[in-house]
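Work through the three exercises below with the structure at hand. Each task is followed by a solution in steps.

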Amino acid sequence: TEDTSDICPPTLCKCGAQAQWAGEAKELDVHQGTAAYSNTKLFLTAWRKLFKESDVFNHEWVVKVDADTVFLAGRLRNWLPPAATAPLKVANCDVPIAADTPTGPLMYGSMEIINVAAARSFWTGMRDCELGIPIDHGEARFLHECAEQLKWEVWSEGAEAKSMIID
């Protein structure tokens, strides 16, 4: 097997585990007739594929990054809080994005970090979230509101450590 320890240290990723998904091109939903588009359905498809086809539940953390994100996995492990058994999301934004945006700290932007308990909660509660949360506001807001509905805990030092996560 190929040594990936320089990319993703075993202490972080347990032998360099990673999953990528490139879906087929799909038309995005137009948000309320404007030029803004919602990518929520596409990301829900990706999350379902990850949960069904990977070993994601064998790890402590799940990190979702956008394709144009620079992610330095080796720096993340020492910065994260200790493993927790309760669902936990890492807030990375402490400012309102728009007038109708929930108040912070939030989990928005190019990177979302959740622990494995939150991943399990999302997997089992995803359908309830789809039924109770609008899916036309974008995937990051959907995940934030789903976490609220499922009552995940929030680790907000991520939002305060502006040098660690910048969008």
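Helix axes here are lines fitted to C-alpha atoms over the stretch in contact, and angles run from 0 to 180 degrees between N-to-C directions. The model is predicted.

**Exercise 1.** Describe how H2 and H5 pack, and list the residues that make the contact.

Solution.
1. Two packed helices are described by the angle between their axes and the distance between the axes.
2. For H2 and H5 the angle is about 65°, and the axes lie 8 Å apart.
3. H2 contributes Thr40, Phe43, Leu44 and Trp47 to the contact, while H5 contributes Glu139, Phe142 and Leu143.
4. Sorted by class, the contact of H2 with H5 holds five nonpolar, one polar and one charged residues.

**Exercise 2.** Which residues of the largest nonpolar core touch the most other members, and which helix gives the most to this core?

Solution.
1. The largest nonpolar core has 18 residues, and those touching the most other members are Trp47, Phe51, Ile114, Phe122, Phe142 and Trp152.
2. At least two residues of this core come from each of H2 (40–53), H4 (116–132) and H5 (139–149).
3. H4 gives the most, with five residues.
4. Leaving out residues up to four places away in sequence, Ile114 touches Trp47, Glu60, Trp61, Val62, Leu88, Lys89, Met107, Ala119 and Trp152.
5. A separate second core has nine residues, including Trp79, Leu88, Val90 and Ile113.

**Exercise 3.** Is Ala91 buried or exposed?

Solution.
1. Ala91 sits in the loop between strand S4 (88–90) and strand S5 (111–115).
2. Buried means under 20% relative accessible area.
3. Ala91 counts as buried because its relative accessibility is 0%.
4. Between Ala91 and Tyr108, 17 residues apart in sequence, the C-alpha to C-alpha distance is 7.7 Å.

Methods
Residues are numbered from 1 along each chain as its sequence is written. This is a predicted model: local features need pLDDT of at least 70, side-chain atom pairs count only at pLDDT 80 or more; totals for chains, interfaces and linings use all residues. Side-chain values use heavy atoms; hydrogens and water are left out. A nonpolar core is a set of buried Ala, Val, Leu, Ile, Met, Phe, Trp, Tyr and Cys residues joined through side-chain atoms within 4.5 Å. Buried means under 20% relative accessible area, exposed over 50%, partly exposed in between (1.4 Å probe, protein chains only). Helices (H or I, at least four residues) and strands (E, at least two) are DSSP runs, numbered from the N terminus. Contact means heavy atoms within 4.5 Å. Ala, Val, Leu, Ile, Met, Phe, Trp, Tyr, Cys and Pro count as nonpolar, Asp, Glu, Lys and Arg as charged, and the others, Gly among them, as polar.
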